[in-house]
Amino acid sequence: MDLSYKFLMELTQPRALIFAFVFVGALTWLCYQFSDKITRGRVHGSAVAIIVGLILAFVGGMLTHGKRGIADVPLFAGFALMGGAMLRDFCIISTAYGVRMEELKKAGIAGVLSLVVGTFVAFVVGVVIAYAFGYRGTVDLTTIGAGAVTFIVGPVTGSAIGASSDIIALSIAAGVVKSIAVMILTPLLAKPFGLTNPAAAMVYGGLMGTTSGTAAGLAATDARLVPYGALTATFYTGFGCLVCPSVCYIVMRMIFG
Amino acid sequence: MVIYGVMILGICMFVGTAIGLVLGKLLGIDGDIGGVGFSMLILVFLTNYLKQKGMMPKTTEQGILFWNAMYIPVVIAMASTQNVLAALNGGIVALLAGIVSVVVLFPLIRILSAWAGAATSTFGDEETVPAGAQPKKA
């Protein structure tokens with residue numbers, strides 16, 4: 001047992017990325033079979049695969065108590081590179097190839113507006129919920145509100161305005177929940193809420209923001225929506241980092257002192 | 001050559017991210033603002049220009065399309081590396097803040113996208129749906 005584990009590690013560790021390719025390939029095949037045979041195509045294969053991915057991330061967290069899901073299990077270390085920001089962003093950019101320029105122009109202003117609306121609504125929701133659960137400090141409320149924007153805006157805002165580490169951790173958790181909620185809810189809610197065309201995808205990207213959430217949510221809904229949604233979503237975190245520690249914090253101080 | 005396509009993609013990434021980083025520095029943020037978005041816009045304009053000039057042969061295109069096709073597998077790997085445990089351990093405040101902020105925004109999609117011209121919005125490829133874009137069986 002010990003020997004075969006050692007051999008397995010000797011085989012896979014220097015080829016961690018390739019192992020991730022093989023594993024994700026096999027996983028994808030299984031999930032598309034499941035989608036086809038069991039759900040009769042009602043649940044998209046990539047939606048199944050993403051949910052299985054999240055379950056793997058949970059298992060990884062349980063086994064190692066690390067922060068990077070399954071990638072903290074040595075055998076799956078290649079997942080950190082394959083699913084990391086570098087390759088993710090490279091692939092997102094590549095989806096813009098073949099995008100229709102007239103669609104971008106037409107929905108451009110609505111996309112910017114949705115960015116502003118999406119950021120402030122998420123912030124307010126975060127603040128209201130934190131307030132409802134007894135948080136009263138302006139810094140605490142602002143940081144949790146920023147966490148509801150994205151899991152990057154939360155800690156950026158928190159450290160800028162001097163929040164304590166447990167509040168920053170809470171804001172990160174809120175952002176990660178949001179990202180996962182976007183991944184899971186998007187394929188379910190897309191049709192009834194009109195997310196079926198490029199213009200709606202650009203609005204959606206601006207409203208939801210979280211790059212990882214929208215990336216996975218759109219992939220699981222209709223791959224053709226990805227470039228339009230991703231385009232606006234990628235401005236969201238930057239915009240949030242800009243306004244949360246400044247405008248939002250100033251307004252919060254005027255309200256809560 | 002396939003590498004030309006990969007190179008074009010990489011150039012777009014570096015130029016776009018550089019714009020995002022400079023914008024971030026100008027606005028006093030440690031990070032980039034919309035670097036990926038700028039990269040995407042540059043790719044759209046650059047490849048359109050190159051196509052018009054007849055400088056985008058099939059093989060160059062393949063260097064871009066490969067990464068396009070790797071998008072979903074990469075996203076699956078990304079999902080597997082999320083800190084799901086922390087999300088669940090964040091307690092009820094984190095769960096509610098995260099979920100409610102998403103649910104509240106969904107109804108706004110229809111309102112804002114009507115204004116964005118959703119009624120006339122198309123992919124422009126309705127006849128030729130790419131493989132994997134839609135489930136095979138209805």
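**Contact between chains A and B, and elements of each chain**

In this predicted model, the contact takes 102 residues from chain A and 76 residues from chain B, two residues being in contact if their C-beta atoms, placed from the backbone, lie within 7 Å. On the side of chain B that touches chain A, two or more residues each come from α1 (2-26), α2 (35-52), α3 (58-69), α4 (71-80), α5 (84-89), α6 (91-103) and α7 (106-115) of chain B, where helices are DSSP runs (H or I, at least four residues) numbered from the N terminus. The residues of this side comprise 48 nonpolar, 24 polar and 4 charged. Residues are numbered from 1 along each chain as its sequence is written, and chains are lettered from A in the order in which they are written. Local features need pLDDT of at least 70, side-chain atom pairs count only at pLDDT 80 or more, and totals for chains, interfaces and linings use all residues.

For chain A, the unreviewed UniProt entry lists several spans as "transmembrane region", among them residues 16-35 and 75-97, although such annotations may be inferred rather than shown by experiment. Residues 16-35 of chain A are 100% helix and 0% strand, with end C-alpha atoms 28 Å apart, whereas residues 75-97 of chain A are 70% helix and 0% strand, with end C-alpha atoms 34 Å apart.

Helix α11 (residues 211-219) of chain A is mostly covered, with 9 of its 9 residues buried, that is, having 20 or more other C-beta atoms within 10 Å of their own. These buried residues pack against α3 (45-64), α5 (85-95), α9 (165-189), α10 (198-208) and α12 (226-256) of chain A, together with α4 of chain B.

Technical notes
Ala, Val, Leu, Ile, Met, Phe, Trp, Tyr, Cys and Pro count as nonpolar, Asp, Glu, Lys and Arg as charged, and the others, Gly among them, as polar. A residue is buried if 20 or more other C-beta atoms lie within 10 Å of its own, exposed if 12 or fewer, and partly exposed in between; C-beta atoms are placed from the backbone.
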